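Here are my notes on the model you sent, set out as numbered points so that you can follow them with the structure open beside you.

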Amino acid sequence: MSRNAVAAAAIRGATVALVMVACVGVLAPAVRAQQSSAPASKGGEQENGELAKQLSNPLASLVSVPFQFNWEQNVGPSKLTRFVLNVQPVMPFTLNTDWNLIIRLIAPLVSQPPLADGGSAAGGISDITTSFFFAPTKLTKFILGAGPVIVLPSTSEPTLGSGKWSAGPTIVALKQAGPWTYGALWNQVWSFSGDPARADVSQTFLQPFFAYQGTHTVTRSVQSEMTANWKAQDDNDTWTVPINVSVAKLSSFGVFPASYQIGFGAFPAHPAIGPSWKIRAAIVLLLPRSRK
């Protein structure tokens, strides 16, 4: 069996295991609820509501570990499925009374079909993106964070990564008013080192988001994760624009609070090799920071 086939098999195995664990996490609270007739306390509902609200805020003081599963459809000339598991830990740090530092990392594990006629399937880790947001603590009406973003080349497989070190600025701005959260995250990276045989990188990422917290534990959201590859050889391949809708339910995973999400995405603009639509599921494990 080839190395790519082994990697793809490993990813599929990890997917099955994580989905099974997530299902247990979803079902266990329901079983406990059926076994107990005691209603949740008002304080507990308010705490859940605050956690759910913070989940919609990329700069919240939560240590979280999201596992995001994406099944992207109509990829490559054979119109097959690409699977992407994004592991996205978020780590906030208090620098002083005026500033927080929020570190967000995205490590994609990918299993994809051939992207060209005569090509081969590939599987493994894609480039890792790490963002550093410096956020003032005393902004109340408007939440803002900005800093550098660095992309690490994490694979030699040309269809999975750029082969280049890239960096640039990133910024996120949002507002939370009642049950609503809305804002946008942006970054721009340029390559500065790496494999000289690979193409230079100039890429923009833009993520506008809208979320509505209908109850203390249920949140509905609409967002996009637009990317623009300014080095694309064909102008029609420059933009990838998904529109994603999802619903999230705050529950628990063992002793930890956790959010379970399911959603759907369509791509009104995408490269010729796709994808054109996707299904998304996620589990977000939460570790609220202690407050002194």
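1. Position 131 is a convenient place to begin, with the caution that this is a predicted model. S131 sits in strand β6, which covers residues 128–136, and with a relative accessibility of 8% it falls under the 20% limit and is therefore classed as buried. Beyond its neighbours within four places in sequence, S131 is in contact with I102, I103 and R104, with P148 and V149, and with T170.

2. As for the chain in general, it contains 15 strands and 2 helices, and 40% of its 292 residues count as buried. Among contacts with a separation of 6 or more, 56% join residues that are 24 or more positions apart. The accessible surface amounts to about 15,400 Å², and carbon and sulfur atoms account for 63% of that area.

3. The largest nonpolar core is made of 11 residues, namely L59, V90, I102, F133, A135, I143, V172, L174, L185, F205 and F209. Strands β6, β8 (164–177) and β10 (202–213) each contribute at least two residues to this core. One of the core residues, A135, touches L59, D98, W99, N100, I102, L144 and G145 when residues up to four places away in sequence are not counted.

4. A173 belongs to strand β8, and, leaving aside neighbours within four places in sequence, its contacts are F142, I143, L144, Y182, G183, A184 and F209. Two of these contacts, I143 and F209, are also members of the largest nonpolar core. The C-alpha atoms of A173 and P208 are 9.7 Å apart in space, while the two residues are 35 residues apart in sequence.

5. Which strands supply the nonpolar surface patch? Strands β9 (180–194), β10, β13, β14 and β15 (277–288) each provide at least two of its residues, and the largest share, 3 residues, comes from β13. The patch measures about 1,000 Å² and is made by W180, Y182, F210, Y212, V222, I243, V245, V247, I262, F264, W277 and I279.

6. Strands β13 (residues 239–253) and β14 (residues 256–269) deserve a look together, since they pair in the antiparallel sense over 12 bridges. V247, in strand β13, has I262 of β14 as its bridge partner, and both V247 and I262 are listed in the nonpolar patch. V247 counts as partly exposed because its relative accessibility is 34%. In the hairpin these strands form, 2 residues lie between them, and G254 adopts a positive phi near 65°.

7. Some backbone details may merit your attention when you inspect the loops and strand ends. N74, in strand β1 (residues 62–75), has a positive phi near 65° although it is a residue other than glycine, and at 27% relative accessibility N74 counts as partly exposed. K79, in the loop between β1 and β2 (80–87), likewise has a positive phi, near 55°, and K79 is partly exposed at 48% relative accessibility. The peptide bond from G274 to P275 is cis, with omega near 5°, and P275 lies in the loop between β14 and β15.

8. The structure holds 5 salt bridges, and one of them joins K164 to D200, with the closest N and O atoms 3.8 Å apart. This pair links distant parts of the chain, as K164 is in strand β8 and D200 is in the loop between β9 and β10, 36 residues apart. Is each partner buried or exposed, or in between? K164 is buried, at 7% relative accessibility, whereas D200 is partly exposed, with a relative accessible area of 47%.

9. E225, K278 and R280 are linked in a network of salt bridges. K278 pairs with E225, the closest N and O atoms being 3.6 Å apart, and this pair spans 53 residues, from K278 in strand β15 to E225 in the loop between β11 (218–224) and β12 (226–229). The side chains of R280 and E225 also meet in a salt bridge, at 3.0 Å from N to O, and R280, in strand β15, is 55 residues from E225. K278 and E225 are both buried, the relative accessible area of E225 being 17%, and R280 is buried as well, with a relative accessible area of 13%.

Methods
Residues numbered from 1 in each chain as written. Predicted model: local features only at pLDDT ≥ 70, side-chain atom pairs only at ≥ 80, totals over all residues. Heavy atoms only, no water. Helix = DSSP H or I, 4+ residues; strand = E, 2+ residues; numbered from the N terminus. Buried < 20%, exposed > 50% of the residue type's maximum accessible area, 1.4 Å probe, protein only. Contact = heavy atoms within 4.5 Å. Pairing = 2+ DSSP bridges. Core = buried A, V, L, I, M, F, W, Y, C linked by side-chain atoms within 4.5 Å. Patch = residues over 30% accessible without salt bridge, like charges linked within 9 Å, V, L, I, M, F, W, Y side chains within 5 Å. Areas by Shrake-Rupley, 256 points an atom, 1.4 Å probe, with all protein chains shown as cover. Salt bridge = Lys/Arg side-chain N within 4 Å of Asp/Glu carboxyl O.
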